[in-house]
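Visitor: Could you take me slowly through one part of this protein, the place where the ligand is held? I would like to understand what surrounds the ligand and what the space around it is made of.

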Amino acid sequence: MWFYETLYPDIKIGIKGKLLHKKKTAYQDLRIYKTPRFGNMLTLDGTIQTTTKDEFIYHEMLTHPVLLAHLRPQKILVIGAGDGGVLREVLKHKVKEAYIVEIDDEVIQTSKRYLPSISNGAFAKGKRVKIIIDDGARFIKDIKEKFDIVIVDSPDPLGAAKALFSKKFYQNIFSILKDGGIMIRQAGSTVLQADELKQNYRILKQIFPYVSVQLAAIPTYIGGLFSFLIGSKRINPEAVSYKKIEQRYNKLRLKTRYYNPQIHFASLSLPNYVRSLVR
Ligand code: SAM
């Protein structure tokens, strides 16, 4: 059968596959497809979330740039990310605690069953991992603890994820980040979601002294270059030296398939159309 993504009314991308699992959860329509070209694929409300073939690009870019820009990240908060890919990459660092706040436990349980290579056992990594089933926006409003890094791996600003794109949400992230804290979030396609990128960049600029854009192309996320937005309280991500990033990358002997110190800086170099978007 064919899966057709329904994110845009005037664009139809189809991927051939076999439906392995479908469930209407309390929050969304969750499906798993087995596809010949992209492996197993998770969709939520008709939108591709991740595939076992190309997830590494997205998950490595949402994790390593900020964890290596930070001097000594110890306490990490991940919001969303129920497939476990971000958690897998975070645990490659010498972090003490990694919280994951996911609103829908069905995503975690289904991903463990049909996409085991993505979490790769990260959910069961003992005391370092704290799994919390809750709305990320509500969780950060009430929590008293402080974090070094906050990673927001949410779907697009629809349904339960809408609250994860508000100014109030970013202000709450600012207040739960320690002095040298850094946050990162996916901000969509630089072509098809240009307004979303622009708007979120502008909101972050009102809250964080340093805001940067990083880019990567993810084959199953339509729309060419995909963006990540970084907000930082004290460290300017664009001023951390190549030497420092390389030292930290080598010291951890990080096993990565996409990310490396050159990519770190290449992904911060913006084409003119993105520069004018965020200027
Ligand atoms: N990489 C994907 C993308 O860019 O579209 C996102 C993948 S990840 C599976 C998204 C997760 O965010 C989903 O598991 C969804 O249940 C979760 N989520 C949505 N809204 C949330 C909220 N308000 N709080 C916490 N998690 C949320």
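**The ligand and its pocket**

Guide: What you see is a predicted model, and in this model the ligand sits in the largest pocket.

Let us begin with the ligand's immediate surroundings, where 24 residues surround the ligand, and the closest of them are Gln 28, Glu 102, Gly 136, Ala 160 and Tyr 221. When this shell is sorted by class, it is found to hold eleven nonpolar, seven polar and six charged residues.

Some of the contacts can be followed down to single atoms. A nitrogen atom of the ligand lies 3.0 Å from an N or O atom in the side chain of Asp 135. With Ala 160, by contrast, the partner is a polar backbone atom, which is 3.0 Å from a nitrogen atom of the ligand. Ala 161 also takes part through its backbone, with a polar atom there placed 3.5 Å from a nitrogen atom of the ligand. As for cover, the ligand taken alone exposes 590 Å², and the protein buries 98% of that area.

Now widen the view to the pocket itself. The largest pocket contains about 640 Å³ of space, and its lining is made by 40 residues, with Leu 44, Gln 49, Ser 154, Pro 155 and Asp 156 lying nearest its centre. By class, this lining of the largest pocket divides into 20 nonpolar, twelve polar and eight charged residues.

Several strands contribute to that wall: strand S5 (39-44), strand S6 (47-51), strand S7 (75-80), strand S8 (97-102) and strand S11 (177-189) each supply at least two residues of the lining of the largest pocket. Among the contributors, S6 gives the most, with three residues.

For comparison, you may also look at the second largest pocket, which has a volume of about 330 Å³. This second largest pocket is lined by 14 residues, and those closest to its centre are Leu 71, Arg 72, Lys 94, Lys 251 and Leu 252. Here the elements that give two or more residues to the lining are helix H2 (64-69) and helix H9 (242-251), and H9 gives the most, with three residues. The lining of the second largest pocket is made up of six nonpolar, four polar and four charged residues.

Definitions and conventions:
Residues numbered from 1 in each chain as written. Predicted model: local features only at pLDDT ≥ 70, side-chain atom pairs only at ≥ 80, totals over all residues. Heavy atoms only, no water. Near = heavy atom within 4 Å. Polar contact = N/O pair within 3.5 Å; in protein donor to acceptor, adjacent residues only side chain to side chain. Areas by Shrake-Rupley, 256 points an atom, 1.4 Å probe, with all protein chains shown as cover. 1 Å grid on protein atoms, 1.4 Å probe; cavity = no way out; pocket = protein on both sides within 12 Å on 5 of 7 lines; lining within 4 Å. Sits in = over half its atoms within 2 Å of the grid points. Nonpolar A, V, L, I, M, F, W, Y, C, P; charged D, E, K, R; others polar. Points joined across faces, edges and corners; volume = space filled by probe spheres on them. Helix = DSSP H or I, 4+ residues; strand = E, 2+ residues; numbered from the N terminus.
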